[in-house]
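Please walk through this structure sheet by sheet. Start with how strands pair, then move to single residues and rings.

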Amino acid sequence: MEPLVLRTLLVLLTAATASLAVSALLGAGSGWAVFSCVVVVLLAHHLRQLRALRAWLQGADRGAVPEDDGLWGDVFEALYRRERDAAQREQELALTLTRFRETVQAFPDGVVVLDAVNQIVWGNVAAERHFDLDFSTDAGHPIANLVRQPDFVSYLASGDYARRLRLRLPRGETTLSVTLIPFGESQKLLHSRDVTQAERVEAVRRDFVANVSHELRTPLTVLVGFLETVRELKLDPSQRRDYLNLMETQALRMRRIVEDLLTLSALESAPPAPTDERIVISRLLERMRAETDVLSAGRHQVVLEVRGPFDLLGAESEIASAFSNLASNAVRYTPKGGEVRLIWEATAQGAAFTVADTGIGIQPEHIPRLTERFYRVDRSRSRETGGTGLGLAIVKHALTRHDATLEIESTPGAGSRFIARFPAQRLVPAAPMPATAVADGDSQLMRNEAA
Ligand code: ADP
């Protein structure tokens with residue numbers, strides 16, 4: 001039985017016993033009077049506590065439960081406990097909701113909750129960015145009124161959400177991969193992911209494969225044609241030698257392309273360029289000048305100026321490959337009688353290696369694209385001079401790995417300057433020169449020019 005009822009009955013029983021005793025001693029009237037008094041007091045107490053309970057239930061602040069250490073004590077205690085548990089549960093729920101929202105907010109993908117009629121309920125900042133929305137004002141509005149691309153609107157209406165939708169946004173170059181996930185009664189979760197970068201990488205990969213195939217197919221076709229000619233036709237020895245020479249040229253061209261591709265791939269997968277290996281610049285550039293001289297075969301004046309008193313920190317083979325690509329381009333794109341100048345000098349930010357030529361120059365619209373793989377201004381000229389279209393891509397990669405940048409300045413018909421700029425953290429004071437070498441930059445310049 002309920003403790004409240006039990007206690008009330010106990011009080012009434014005690015009162016009845018006492019009343020009976022009083023009746024026996026003082027007569028029935030007195031007994032009834034005592035009993036009535038006890039019942040009235042009891043009723044008054046219950047009424048007072050009921051009023052207190054009603055006031056508490058109606059009150060805004062449910063914190064302090066009415067107190068009673070008598071009959072109502074247990075009731076109030078139970079109410080208090082229930083109230084406290086409910087408050088605790090509410091707090092936990094609010095905390096979980098906050099955490100959930102924070103987690104979804106931190107999500108790099110966009111998330112929008114839509115109700116049964118596709119009105120926005122809530123969403124995260126990534127979704128605001130993706131769809132150009134502001135949930136503080138857009139919540140409650142149909143999403144189709146705000147994201148109006150026809151593809152999206154028909155996807156939303158189709159009810160077929162098994163496939164993802166590729167959505168190109170009207171502003172900028174952004175592409176989203178979008179899907180709708182039904183959940184709950186009839187709600188939907190709109191999920192969006194920015195796939196612009198992934199699409200770009202995929203396009204570059206596709207172009208690259210197409211370019212490589214094309215670049216290799218041309219010499220291969222020529223080679224196969226010559227092979228058939230040599231096999232089918234009766235040729236005299238000198239004709240045969242000519243054909244074999246032409247075939248060798250094509251084979252060498254393919255080998256150069258493959259070698260350049262391997263160099264590029266090695267640069268892409270190599271560990272970061274070392275920061276503790278010294279490249280003795282004067283020695284490297286001296287070698288570069290000699291190689292450039294050989295390449296020029298006396299058709300140009302090759303000048304070396306070493307003015308910067310620094311050596312470089314990095315991978316010598318990579319820097320050598322970058323510098324010699326620049327020098328070989330200068331020779332290949334400078335007509336006979338021109339000048340090719342190799343310059344190493346200190347700059348405000350560090351040091352720079354410049355290859356300046358007096359060659360054919362480059363029209364300004366081509367300059368931003370020169371470091372793309374297989375990009376050439378004049379395809380046949382590049383091919384005639386043994387170019388693969390990969391030289392400047394190799395240069396850019398090797399320089400980037402050394403925290404350096406490539407600048408290109410050119411005047412069509414007058415010449416070009418390719419400048420590799422190295423930051424101070426990639427430089428160390430130049431290693432002391434051997435006794436026979438000349439110490440200061442100007443004298444070295446004269447020495448090289450004299451050579
Ligand atoms: P390639 O093997 O064709 O020379 P690169 O990547 O080295 O390929 O250079 C890309 C293009 O940039 C060349 O095809 C050429 O049109 C242009 N180029 C590079 N260096 C020079 C230069 N010194 N003078 C004029 N044009 C140049």
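Two strands pair if DSSP finds at least two bridges between them. With that rule in hand, take Phe310, which stands opposite Pro429 in strand 13. The model shown here is predicted. Strand 8 and strand 13 (residues 427-429) pair in the antiparallel sense, over 3 bridges. Strand 8 (residues 310-313) has a further antiparallel link, with 2 bridges to strand 6 (residues 278-279). There, Arg278 has Leu313 of strand 8 as its bridge partner.

Next comes a sheet with mixed pairing. It is open, has 5 strands and follows the order 7-9-10-12-11. Strand 7 (301-306) and strand 11 (405-411) are its edge strands, each pairing on one side only. From one strand to the next, the twist averages 10 degrees.

Within this sheet, follow strand 9 (residues 339-346). How does strand 9 pair with strand 7, parallel or antiparallel? The sense is parallel, and strand 7 and strand 9 share 6 bridges. Val306 stands opposite Trp344 of strand 9. Towards strand 10 (residues 350-357), strand 9 runs antiparallel, and 7 bridges join the two. Here Arg341 faces Ala356 of strand 10 as its opposite residue. Strand 9 and strand 10 form a hairpin, with 3 residues between them.

Why is strand 9 described as largely enclosed by the rest of the structure? Because 6 of its 8 residues are buried. Buried here means under 20% relative accessible area. Helix 10 (residues 281-296) lies across strand 7, strand 9 and strand 10. Helix 10 runs at about 175 degrees to strand 7.

Now turn to the other open sheet. It has 5 strands in the order 2-1-5-4-3, with antiparallel pairing. Strand 2 (120-123) and strand 3 (165-168) stand at the edges. Each has a single partner strand, so one side of each is left without a neighbour in the sheet. Neighbouring strands of this sheet are turned against each other by 25 degrees on average, direction ignored.

Strand 4 and strand 5 (residues 187-194) pair in the antiparallel sense over 8 bridges. One place to look is Ser177, which stands opposite Arg193 in strand 5. Helix 3 (residues 73-106) packs on the sheet and touches strand 1 (110-114) and strand 2. The direction of helix 3 makes about 75 degrees with that of strand 2.

Stay with strand 4 (residues 175-183), where Thr179 lies. Is Thr179 buried or exposed? Thr179 counts as buried because its relative accessibility is 8%, and the cut-off for buried is under 20%. Leaving aside neighbours within four places in sequence, Thr179 is in contact with Tyr155, Tyr161, Arg163, Arg164, Leu189, Leu190 and His191. Which side chain joins that of Thr179 in a polar contact of 3.5 Å? The partner is Tyr155.

Tyr155 also leads into the aromatic picture. A search of the whole structure finds 9 aromatic pairs. Among them, Tyr155 and Tyr161 form an edge-to-face pair, 5.5 Å centre to centre with 65 degrees between the planes. Both Tyr155 and Tyr161 are buried. Thr179 is therefore a buried residue that contacts both rings' residues, Tyr155 and Tyr161.

Elsewhere, ring pairs link Phe323, Trp344, Phe353 and Phe422 into a cluster. Trp344 is the residue met above, opposite Val306. A charge over a ring appears as well. Arg373 lies over the face of Phe208, at 4.9 Å from the ring centre.

End with a helix residue. Ala126 has its place in helix 4 (residues 125-131). Ala126 counts as buried because its relative accessibility is 2%. Its contacts, leaving aside neighbours within four places in sequence, are Phe107, Pro108, Asp109 and Gly110. How far is Ala126 from Leu262, in sequence and in space? The two are 136 residues apart in sequence and 40 Å apart in space, C-alpha to C-alpha.

Technical notes: Residues numbered from 1 in each chain as written. Predicted model: local features only at pLDDT ≥ 70, side-chain atom pairs only at ≥ 80, totals over all residues. Heavy atoms only, no water. Helix = DSSP H or I, 4+ residues; strand = E, 2+ residues; numbered from the N terminus. Buried < 20%, exposed > 50% of the residue type's maximum accessible area, 1.4 Å probe, protein only. Polar contact = N/O pair within 3.5 Å; in protein donor to acceptor, adjacent residues only side chain to side chain. Contact = heavy atoms within 4.5 Å. Phe/Tyr/Trp six-rings, centres within 6.5 Å; stacked < 30°, edge-to-face > 60°. Lys NZ or Arg CZ within 6 Å of the ring centre and 35° of its normal. Axes fitted to C-alpha atoms, helices over the stretch in contact; angles between N-to-C directions.
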